[in-house]
Amino acid sequence: MVKGDPAPRNRSLRLDDADRARLSEGLRHFSQKTDLASCLDRVIEGDCLEQLKYLPPQSVDLLVVDPPYNLSKNYGARRFRQQSPAAYEAFLQDWLRLCVALLKPNASIYVCSEWRSSYSVQKILAQYFIIQNRITWEREKGRAAKQNWKNACEDIWFCSLSPDYYFDLTAVKLVRKVIAPYKNAAGLPKDWHIGEDGNFRLTAPSNLWTDIAVPFWSMQENTDHPTQKPEKLIAKLILASSRPGAVVLDPFLGSGTSAVVAKKLGRHYIGIEQNPDYCLWAAKRLELADHDKAIQGYEDGFFFDRNTKFDTVKLRKMIGK
Ligand SMILES: C[S@@+](CC[C@H](N)C(=O)[O-])C[C@H]1O[C@@H](n2cnc3c(N)ncnc32)[C@H](O)[C@@H]1O
């Protein structure tokens with residue numbers, strides 16, 4: 001192995017010159033108003049503050065936003081600098097008000113944040129939407145601090161545009177091993193199932209998510225993006241809050257996770273990203289998704305808890321799904 005070569009088990013995305021030439025053809029950049037057919041299932045390269053103005057109004061069912069957090073971070077050529085809460089709130093307003101015009105009346109909205117900026121995000125979201133919940137994702141990986149608690153979680157704010165919104169709870173139930181196998185008076189399992197691989201329960205997901213790891217280099221979905229979200233996390237948002245065929249918009253697409261997951265789950269996507277390299281990574285992942293619809297941690301319609309594995313065919317039979 002030559003120094004600088006990736007380790008043999010490193011499955012992170014790599015692009016060669018041929019990939020770059022082919023994939024750049026599919027990227028879009030608009031300089032005037034466009035119709036849905038022209039932007040649907042496209043990666044748009046550009047500044048979302050400009051590109052959002054050209055997208056068709058009332059065309060989006062689900063808005064998934066993972067914006068730069070209020071932290072200094074290098075996104076390739078462009079660096080996001082930590083700013084005052086007031087300045088960060090103005091930044092949130094700038095893109096959010098453009099998104100609002102693009103939403104269908106029954107749309108749902110998810111916006112990611114972390115503890116420092118979560119207050120600002122909640123405040124601005126409340127000006128436009130009905131806040132339905134705040135999900136906390138325990139992402140485990142985090143930088144240790146000498147005089148503070150290590151930050152190992154993120155918030156995902158869940159909102160709707162009106163009280164009438166779509167939510168499919170059964171699509172996101174979690175298969176969990178049963179630790180306390182209580183039986184009823186007849187000696188039968190209370191609300192769990194006896195499987196060959198162990199006892200399990202299908203539980204309704206709470207707003208505390210502890211079953212999702214950050215992408216790392218031995219995972220196929222991994223890229224060199226500095227703040228890539230796990231496909232499993234985005235899959236939960238999309239399955240719970242959109243029907244097949246729905247339109248998912250992500251104005252800060254990064255390495256393409258939301259678009260890739262939307263495609264794998266039979267939804268449409270529109271993604272905007274300013275960094276040309278990230279756009280190509282997204283395009284490559286979308287190309288790979290033509291043949292590989294797998295999402296790590298989600299199999300055959302089931303989400304599995306960490307270190308839990310069940311035969312999904314038997315599981316289906318057992319619960320009559
Ligand atoms: C937190 S990351 C999103 C990561 C993404 N969820 C993923 O899984 O890869 C935010 C992204 O927004 C991009 N970005 C920042 N400002 C932007 C702007 N004004 N327009 C479009 N993209 C922007 C950054 O380049 C970065 O890739």
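**View 1. Helix H9 lies across strands S8, S9, S10, S14 and S15.** Helix H9 covers residues 312-319, strand S8 covers 174-177 and strand S15 covers 302-304. The helix runs at about 145° to S9; axes are lines fitted to C-alpha atoms, for helices over the stretch in contact, and angles run from 0 to 180 degrees between N-to-C directions. Helices (H or I, at least four residues) and strands (E, at least two) are DSSP runs, numbered from the N terminus. Please keep in mind that this is a predicted model, in which local features need pLDDT of at least 70 and side-chain atom pairs count only at pLDDT 80 or more, while totals for chains, interfaces and linings use all residues. Residues are numbered from 1 along each chain as its sequence is written.

**View 2. Five strands form an open sheet of mixed pairing.** The order is S9-S10-S8-S15-S14, where two strands pair if DSSP finds at least two bridges between them. Strand S9 (193-195) and strand S14 (298-299) are the edge strands, each pairing on one side only. S9 runs antiparallel to strand S10 (residues 198-203), joined by three bridges, and here Gly195 stands opposite Gly198. S10 is also antiparallel to S8, with four bridges between them; look for Arg176 opposite Arg201 in S10. S8 and S15, by contrast, pair in the parallel sense over two bridges, and Val175 has Phe304 of S15 as its bridge partner.

**View 3. An open sheet of eight strands carries helix H7.** Its strands follow the order S1-S13-S12-S2-S5-S7-S6-S11, again with mixed pairing. At the edges are strand S1 (42-45) and strand S11 (208-209), each paired on one side only. Strand S2 (residues 60-65) and strand S12 (residues 247-250) run parallel and are joined by two bridges. Leu63 has Leu249 in S12 as its bridge partner. Helix H7 (residues 257-264) packs on this sheet and touches S1, S2, S12 and strand S13 (268-273). The direction of H7 makes about 170° with that of S13.

**View 4. The largest nonpolar core has 62 residues.** A nonpolar core is a set of buried Ala, Val, Leu, Ile, Met, Phe, Trp, Tyr and Cys residues joined through C-beta atoms within 7 Å. A residue is buried if 20 or more other C-beta atoms lie within 10 Å of its own, exposed if 12 or fewer, and partly exposed in between, with C-beta atoms placed from the backbone. Leu63, Tyr110, Ile238, Val248 and Ala282 have the most contacts inside this core. Helix H8 (residues 276-288) gives the core its largest share, seven residues. A second, separate core has seven residues, among them Phe200, Phe302, Phe304 and Leu315. In soluble globular proteins, nonpolar side chains tend to be buried together.

**View 5. Helix H6 is largely enclosed by the rest of the structure, because 10 of its 11 residues are buried.** H6 covers residues 231-241. Its buried residues include Glu231, Lys232 and Lys236 alongside Leu233, Ile234 and Leu237. Ile238 of this helix is buried too.

**View 6. Val172 sits in the loop between strand S7 (153-160) and S8.** Val172 counts as partly exposed because it has 19 C-beta neighbours inside 10 Å. Leaving aside neighbours within four places in sequence, Val172 is in contact with Pro205, Lys236, Leu239, Ala240 and Phe303; a contact needs C-beta atoms, placed from the backbone, within 7 Å. Pro205 is 33 residues from Val172 in sequence, yet their C-alpha atoms are 6.9 Å apart.

**View 7. Domain 1 (24-167 + 206-290) meets domain 2 (170-204 + 296-321).** These bounds come from an automatic or database domain assignment. The C-alpha centres of the two domains lie 31 Å apart. Domain 1 gives 10 residues to the contact and domain 2 gives nine. On the domain 1 side there are five nonpolar, no polar and five charged residues, counting Ala, Val, Leu, Ile, Met, Phe, Trp, Tyr, Cys and Pro as nonpolar, Asp, Glu, Lys and Arg as charged, and the others, Gly among them, as polar.

**View 8. Asp41 and Gln58 have positive phi values.** Asp41, in the loop between helix H2 (36-39) and S1, has phi near 60°. Gln58 has phi of about 50° and lies in the loop between helix H3 (48-51) and S2. Asp41 is partly exposed, with 16 other C-beta atoms within 10 Å, whereas Gln58 is exposed, with 10.

Key. Contact = placed C-beta atoms within 7 Å.
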